Amino acid sequence: MTVASYLNFPGVREGPLLAGRTVVISGAGRARGIGKATAQLLVAHGAHVALLDLDAEEVRQSATDVAQSRYPTIGIRCDVTDASSCRSAIDEVLAWAPAGGRIDALLNNAGLTQQIAAADITAADYPRITDLA
């Protein structure tokens with residue numbers, strides 16, 4: 001018996017902090033990226049995690065790496081600059097059995113890496129950068 005259950009606090013959860021919660025993370029396919037590291041942390045706390053990224057093969061591999069037989073994960077290809085791609089990815093998450101038809105949190109982590117100095121960015125570059133927001 002835990003102290004919380006002994007004191008009978010309403011709303012206190014037993015077990016992993018995020019057990020049964022579904023979290024979607026965009027930009028989570030890179031092997032050494034912040035999105036994948038965040039997914040690992042969330043899975044360690046019991047969450048079911050859907051990883052989204054532009055590279056289908058890479059995001060599926062990241063989902064496999066993150067799961068490590070602990071909690072369900074899924075890797076889904078998604079282009080966050082395309083509304084229909086986003087809708088399709090969300091529909092796939094909602095249809096995913098572990099999600100149970102719900103999404104509890106969304107982490108917008110997708111980003112753009114460029115080999116250019118900030119001073120060299122032109123007005124033509126901005127739509128490509130801001131479309132990810």
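Leaving aside its neighbours within four places in sequence, which residues is Lys-36 in contact with? Keep that one in mind while you get oriented; the model on your screen is a predicted one.

**Stop 1: the whole chain**

Colour by secondary structure and start at the N terminus. You should find five helices and four strands, running α-β-α-β-α-β-α-β-α. There are 133 residues in the protein chain, and 28% of them count as buried. Switch on a surface if you like: the chain exposes about 8200 Å², with carbon and sulfur atoms supplying 55% of that. As for contacts with a separation of 6 or more, 59% of them are between residues 24 or more positions apart.

**Stop 2: Lys-36**

Now select Lys-36, which you'll find in helix H2. Is this lysine buried or exposed? Lys-36 counts as buried because its relative accessibility is 7%, and the cut-off for buried is under 20%. Show what surrounds the side chain and you have the reply to the opening question: beyond its sequence neighbours, Lys-36 is in contact with Ala-28, Arg-30, Ala-31, Ser-62, Asp-65 and Val-66.

**Stop 3: the two faces of H2**

Stay on H2 and add the rest of its buried residues to your selection: Gly-35, Lys-36, Ala-39, Leu-42 and Val-43. They sit on the same side of H2, because they cover an arc of only 120 degrees around the axis. Look down the helix axis to see it. On the face turned away from that buried side, pick out Ile-34 and Leu-41, both exposed.

What lies over the buried residues? Select strand E1 (22-26), E2, helix H3 (56-67), strand E3 (73-77) and strand E4 (105-107), which are among the elements covering the buried residues of H2. Before you leave, step to Gly-46, which follows H2 and has a positive phi, near 95 degrees.

**Stop 4: the largest pocket**

Next, centre the view on Arg-30, Asp-53, Ala-110, Gly-111 and Leu-112. Of the 20 residues that line the largest pocket, these lie nearest its centre. Arg-30 should look familiar, as one of the contacts of Lys-36. Which elements give two or more residues to the lining? They are helix H2 (34-44) and strand E2 (48-53). The space inside comes to about 490 Å³. Colour the lining by class and you'll get eight nonpolar, seven polar and five charged residues.

**Stop 5: Trp-96**

Move on to Trp-96, in the loop between helix H4 (83-95) and E4. This tryptophan has a relative accessible area of 12%, so it counts as buried. With sequence neighbours within four places left aside, its contacts are Thr-22, His-48, Val-49, Ala-50, Pro-72, Thr-73 and Ile-74. Try a distance on one of them: the C-alpha atoms of Trp-96 and Ala-50 are separated by 9.2 Å, although the two residues are 46 apart along the chain.

**Stop 6: Ser-88**

Last, go to Ser-88, in helix H4. Where does this serine fall on the accessibility scale? Ser-88 counts as partly exposed because its relative accessibility is 44%. Draw a line from its C-alpha to that of Cys-78, ten residues away along the chain, and the distance should come out at 8.1 Å.

Note on methods
Residues are numbered from 1 along each chain as its sequence is written. This is a predicted model: local features need pLDDT of at least 70, side-chain atom pairs count only at pLDDT 80 or more; totals for chains, interfaces and linings use all residues. Side-chain values use heavy atoms; hydrogens and water are left out. On a 1 Å grid over the protein atoms alone, a cavity is a set of points where a 1.4 Å probe fits but cannot get out, and a pocket is an open set with protein on both sides within 12 Å along at least five of seven lines; lining residues have an atom within 4 Å of a point. Grid points are joined across faces, edges and corners, and a volume is the space filled by probe spheres set on the points. Ala, Val, Leu, Ile, Met, Phe, Trp, Tyr, Cys and Pro count as nonpolar, Asp, Glu, Lys and Arg as charged, and the others, Gly among them, as polar. Buried means under 20% relative accessible area, exposed over 50%, partly exposed in between (1.4 Å probe, protein chains only). Contact means heavy atoms within 4.5 Å. Accessible areas come from the Shrake-Rupley method with a 1.4 Å probe; for residues, only the protein chains shown count as cover. The arc is that of the directions from the helix axis to the C-beta atoms.
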